[in-house]
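Here is a short tour of one protein model, written to be read with the structure open beside you. Take a moment to turn it around before you start.

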Amino acid sequence: PVFERKLTLEDLPFLRSHVINGVPVLPFAVIAEWLAGAALHGAPGLHFHGFDELRIFKGVLLKDESCTVELRAGKAVREGGFYRVPVELRGGSGSLLHARADIILASRLPEAPAPSPEFALLPYQRTAERCYRELLFHGPDLQSILSIAGCSEAGIVVSAAAALPPRSWLRRPWRDVWLSDPMAKDAAFQAMILWTC
């Protein structure tokens, strides 16, 4: 165990913008951020590089407007120039597995890869505003897609907003800065929904 915390709507007000069937649900992007933080807890000096095998087994639901979660992390195992740390997010009692991943850490982050080749885009039939009204369930705090350049069978291209600092999302943030931008990650998941529509 690395960390245990009671989650409430008062402490995580952004959850009011991530409600499914009337129940606030912890976003996938925030779960990934917290798993990365758990991995770094026992690996000072390393940097979050990415994740493998990230799985959600049971969503974190605030049915009673609160729930308790526990983050667990194994030991960092060196693989080539990186370190792999198994992590889990469980219910407070530790019995309910919500999510699991292997977090990849690095002593130094590699250079960003070159941009992938452009592909031909067709106009998207809806504006971002219309998508939030008709296709996406995200409320104002998580409406990260600003515009949609277009799409094709190869993919979709959107412009998205960056996340404000953690203190804007959480009353008692676990870190002062994000390890990765949860708004950008969530925008990618939202764009996938739009692309499949």
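How many of the 14 residues of α1 are buried? The answer is twelve, so that α1 is mostly covered. Please keep in mind that this is a predicted model. The points below begin with this helix and then move on to other parts of the chain.

**Helix α1**

- Helix α1 covers residues 28-41, which makes 14 residues.
- From its first C-alpha to its last, α1 reaches 20 Å, close to the 20 Å expected at 1.5 Å a residue.
- The buried residues of α1 are Ala29, Val30, Ile31, Ala32, Glu33, Trp34, Leu35, Ala36, Gly37, Ala38, Ala39 and Leu40.

**The largest pocket**

- The largest pocket has a volume of about 250 Å³.
- It is lined by 15 residues, and the closest to its centre are Phe3, Gly37, Ala38, Trp174 and Arg175.
- You have already met Gly37 and Ala38 among the buried residues of α1.
- Helix α1 gives the largest share of this pocket's lining, with six residues.
- By kind, the lining of the largest pocket divides into eleven nonpolar, two polar and two charged residues.

**The second largest pocket**

- The second largest pocket has a volume of about 210 Å³.
- Of the 15 residues that line the second largest pocket, His18, Val25, Leu26, Pro27 and Phe28 lie nearest its centre.
- Two elements, α1 and α4 (182-196), give two or more residues each to the lining of the second largest pocket.
- Of the elements, α4 gives the most to this lining, with four residues.
- The lining of the second largest pocket is made up of ten nonpolar residues, four polar ones and one charged one.

**Helix α4**

- Helix α4 has 15 residues and reaches 21 Å from its first C-alpha to its last, close to the 21 Å expected at 1.5 Å a residue.
- Its buried residues are Pro182, Met183, Lys185, Asp186, Ala187, Gln190, Ala191 and Leu194.
- Which elements do the buried residues of α4 pack against? They pack against α1, α2, β9, β10 and α3 (166-169).
- Is Thr196, found in helix α4, buried or exposed? Thr196 is exposed, because its relative accessible area is 63%, over the 50% that the word calls for.
- Thr196 and Glu153 are 43 residues apart in sequence, while their C-alpha atoms are 9.6 Å apart in space.

**Ser144 and the hairpin that follows**

- Ser144 sits in the loop between α2 (128-134) and β9 (145-152).
- Why does Ser144 count as buried? Its relative accessible area is 0%, and buried means under 20%.
- Leaving out residues up to four places away in sequence, Ser144 touches Tyr132, Ser159, Ala160, Ala161, Met183, Ala187 and Gln190.
- Three of these names, Met183, Ala187 and Gln190, also appear in the list of buried residues of α4.
- After the loop, β9 pairs with strand β10 (residues 155-160) in the antiparallel sense, over six bridges.
- β9 and β10 form a hairpin, with two residues between them.
- Ser152 has Gly155 in β10 as its bridge partner.

**Strands around β5**

- Strand β1 (residues 3-8) and strand β5 (residues 66-73) run antiparallel and are joined by six bridges.
- In this pairing, Glu4 stands opposite Glu70 in β5.
- β5 is also joined to strand β7 (residues 82-91), which runs antiparallel to it, by five bridges.
- Here Ala73 stands opposite Val87 in β7.
- Glu70 lies in strand β5, and Glu70 counts as buried because its relative accessibility is 9%.
- In sequence Glu70 and Arg100 are 30 residues apart, and in space they are 12 Å apart, C-alpha to C-alpha.
- In a regular strand, side chains alternate between the two faces of the sheet.

**Two residues with a positive phi**

- Asn21 has a positive phi of about 55 degrees although it is not a glycine.
- You can find Asn21 in the loop between β2 (19-20) and β3 (23-24), where it is exposed, with a relative accessible area of 79%.
- Glu53 also has a positive phi of about 55 degrees without being a glycine.
- Look for Glu53 in strand β4 (residues 47-56).

Terms used. Residues numbered from 1 in each chain as written. Predicted model: local features only at pLDDT ≥ 70, side-chain atom pairs only at ≥ 80, totals over all residues. Heavy atoms only, no water. Expected span 1.5 Å × (residues − 1). Buried < 20%, exposed > 50% of the residue type's maximum accessible area, 1.4 Å probe, protein only. Contact = heavy atoms within 4.5 Å. Pairing = 2+ DSSP bridges. 1 Å grid on protein atoms, 1.4 Å probe; cavity = no way out; pocket = protein on both sides within 12 Å on 5 of 7 lines; lining within 4 Å. Points joined across faces, edges and corners; volume = space filled by probe spheres on them. Nonpolar A, V, L, I, M, F, W, Y, C, P; charged D, E, K, R; others polar.
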